[in-house]
Amino acid sequence: MARNRCLAVLVLVALASGPVASAGEPGKPKPQASLPPETLDQPPAPQSARDNLAARSPGMRVQTGPYVSVQVNVDALGRNIVGDAANEPSIAVNPVNPGNMVIGWRQFNAVTSNFRQAGWAYTFTRGASWTFPGVLTPGTFRSDPVLDVDASGVFYYQSLKSDFTLDLFKSVNGGVTWGAPVPSFGGDKNWLVVDRTGGPGHGFLYGIWQRFASCCGTNVLTRSVDAGQSFIAPVPVATWPTFGTLAVGPDGTLFAAGVDGTVTQDFDHFVLARTTSAPDPDEAPLFAGGQIDLGGSMALGGAPNPAGLLGQANVAADHSDGTTHGNVYVMASVAADAIDPLSVAFVRSVDGGSSFSPPVRVNDDPEVGTHWHWLAAQAVAPNGRIDAIWFDTRDSGLANVSRLYYAYSWDAGVTFSANVPVSPSFDSTVGWPQQNKMGDYSGIVSDATGADIAYAATFNGEQDIYYVRLFPDCNGNGLSDVTDLSSHASQDCNLSKIPDECETAPACIGAGRVPDAGLAVNKAADGAIALAWTASCSSADADYAVYEGSLGDFASRAPRTCTTGGLRSLELTPAAGDAYYLIVPVHADREGSYGEDGSGAERPQAAGACAPQVLHACGAVAASSGK
Ligand SMILES: [Ca+2]
Ligand SMILES: [Ca+2]
Ligand SMILES: [Ca+2]
Ligand SMILES: [Ca+2]
């Protein structure tokens, strides 16, 4: 407790000395400052803005490109509550019903007091509208909201109290109502994650916090193996990751990112800790950890968010089935030794978090002293795509005027997409609720086609919470590129997961061939015939097109089907007269060989072919047969 009081004094000193940015190099964040812990300061305002029914303005909906941001903290009629403030949102999406999402945030019932509570809202309309019933346990100071959800759609809301312990709330009805709070130890700048792996730790909850304003000294992590009914005595975490997030890997490994908290809040050194024993209910989680290089320092106290973090450390794990399965990614806004005050840095581990790649710069703008890239966050989709968001001042050139920006990666973060502005501009220094910050983080959850985002912004001059659905859209048609490819509106002949029209010269892979001798034709019932064939010589070819033509008129061939769904057989009623059949393998939106004619030349593609043709090196003879 003595330490807590000491930190509180430090906070007052920091606030009294004015904006931290002015203390160091002009325009630069001051990474060595101490982030004020979330402490009870002012009493609640005498009146809640919500109670004044005259204090309403239209609920905000703002659109940038195809991306529509919808205000979340609205009254029952969807109107903005004039005079409140809301920031630091966290979002969770129901895996069973993605139309159902919950956002929690720091709710200030009046902008005249920094007394804050646990605001929440839910949607069953995929974010088109939100219901904001109020705050959990009204009258209780609460901060640092972190939400997650289990595989069956049970939501959890982790909430920091003024005594530096955490409560956990649970909702089994999609966030409509919540059970009584369950104490779960804790501390400031906490995080929560739920294991959804289906492995031994399935359903376990993990909570972490910073040791310097907490219940339990150097013990900073707890676990619940009974769905949030009880929590184990906290345990230490190697390197004491501070101001960061948790993630669970596909094998149940638990990861914690932050800055090094071994001695103090060491903003100059990022760390990652990991444990494989977390999913074992009979063992206390035992962590290994070390420093990682993101090319700069974590920062706080910069002009866009003077009393807050400029971005926490974000760890995420790849649960995809592909070659990136098990990768571990860390992303953060970092103050590097560079011209721009802050950039978005990303590192990748392919060995379970033991070692990391050199940092990749996610923002693609030139280095300019007025370009801040702050509050970066990331999530990994089930198909391995990495989504990144951050606030960005590049378009205004003003440290206090940002837009939300988005980028994504289809290659495990080796490269990131062109950066996309996804919100209008807003001033991050207006609407402060007696506290010079807009919170410490935004929320992001990714799925196959896009990402669900919760962020704070001031489009109407107040700090409010917004929801926006983001998705990769390199071809600018207003639909997720993932949908474009799955519907075959776009093609992906190089399997880059990027529509080919967005790539300069995609190296198309093509398909092989089915040997002529591999095709068998048998009579089936009712005048039908049954075709069956051997696999393509190219093992990657997993689908086939079947062409039919009239014997004696080879150019007459036309598709009977452009896909067999991967089957190497097809039953069909043949056309009248003598017909022949060709089986053409298909791979990566290209079809392979139609076989060779009697002189050994490739048979030409059919008119009206199913797809453009690219012959894979492993060619063989396509099949033909009379009936
Ligand atoms: Ca408001
Ligand atoms: Ca906070
Ligand atoms: Ca698109
Ligand atoms: Ca492509």
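**Exercise 1. Work out the order of the strands in the open sheet that contains β14, and find its edges.**

Step 1. The open sheet has three strands in the order β13-β14-β15, and the pairing is antiparallel. Strands here are DSSP runs (E, at least two residues), helices are DSSP runs (H or I, at least four residues), and both are numbered from the N terminus. Two strands pair if DSSP finds at least two bridges between them.

Step 2. β13 (191–194) and β15 (221–224) are the edge strands, and each pairs on one side only.

Step 3. Direction ignored, neighbouring strands of this sheet are turned by 15° against each other on average. The axes behind such angles are lines fitted to C-alpha atoms, for helices over the stretch in contact, and angles run from 0 to 180 degrees between N-to-C directions.

Step 4. β14 (residues 205–208) is joined to β15 by four bridges, and the two run antiparallel. Y206 has R223 of β15 as its bridge partner.

The model is predicted: local features need pLDDT of at least 70, side-chain atom pairs count only at pLDDT 80 or more, and totals for chains, interfaces and linings use all residues. Residues are numbered from 1 along each chain as its sequence is written, while chains are lettered from A and ligands numbered from 1 in the order in which they are written.

**Exercise 2. Do the same for the sheet that contains β33.**

Step 1. The order is β32-β33-β36 in an open sheet of three strands with antiparallel pairing.

Step 2. At the edges stand β32 (519–523) and β36 (569–572); each has a single partner strand, so one side of each is left without a neighbour in the sheet.

Step 3. From one strand to the next, the twist averages 20°.

Step 4. Between β33 (residues 529–533) and β36 there are four bridges, and these strands run antiparallel. A532 has S569 as its bridge partner in β36.

**Exercise 3. Decide whether strand β21 is enclosed or open, and name its partners.**

Step 1. A residue is buried if 20 or more other C-beta atoms lie within 10 Å of its own, exposed if 12 or fewer, and partly exposed in between; C-beta atoms are placed from the backbone.

Step 2. In β21 (residues 328–334), seven of the seven residues are buried, so the strand is largely enclosed by the rest of the structure.

Step 3. Both faces are covered, with V328, V330, A332 and V334 buried on one side and Y329, M331 and S333 buried on the other.

Step 4. β20 (residues 314–317) is antiparallel to β21 and joined to it by four bridges; N314 has M331 as its bridge partner. β22 (residues 343–349) pairs with β21 over seven bridges, also antiparallel, and V347 of β22 stands opposite V330.

**Exercise 4. Describe the surroundings of strand β31.**

Step 1. Six of the seven residues of β31 (residues 464–470) are buried, so β31 is largely enclosed by the rest of the structure.

Step 2. β3 (residues 67–71) runs antiparallel to β31, with three bridges joining them. S69 is bridged to V468.

Step 3. β30 (residues 451–457) is joined to β31 by seven bridges, again antiparallel, and A456 stands opposite I465.

Step 4. The hairpin of β30 and β31 has six residues between the strands, where G461 takes a positive phi near 85°.

**Exercise 5. Locate N305 and list its contacts.**

Step 1. N305 lies in the loop between β19 (288–292) and β20.

Step 2. N305 counts as buried because it has 29 C-beta neighbours inside 10 Å.

Step 3. Neighbours within four places in sequence set aside, N305 is in contact (C-beta atoms, placed from the backbone, within 7 Å) with L310, W374, S428, K437 and M438.

Step 4. T429 is 124 residues away along the chain, yet the C-alpha atoms of N305 and T429 are separated by 7.1 Å.

**Exercise 6. Give the overall layout of the chain.**

Step 1. The chain has two helices and 38 strands.

Step 2. Its domains are domain 1 (7–472), domain 2 (479–505) and domain 3 (508–627), with bounds from an automatic or database domain assignment.

Step 3. The C-alpha centres of domain 2 and domain 3 lie 25 Å apart. Five residues of domain 2 are in contact with six residues of domain 3.

Step 4. Along its principal axes, the C-alpha trace spans about 95 × 55 × 50 Å. Of the 627 residues, 53% are buried.

How values were computed: Contact = placed C-beta atoms within 7 Å.
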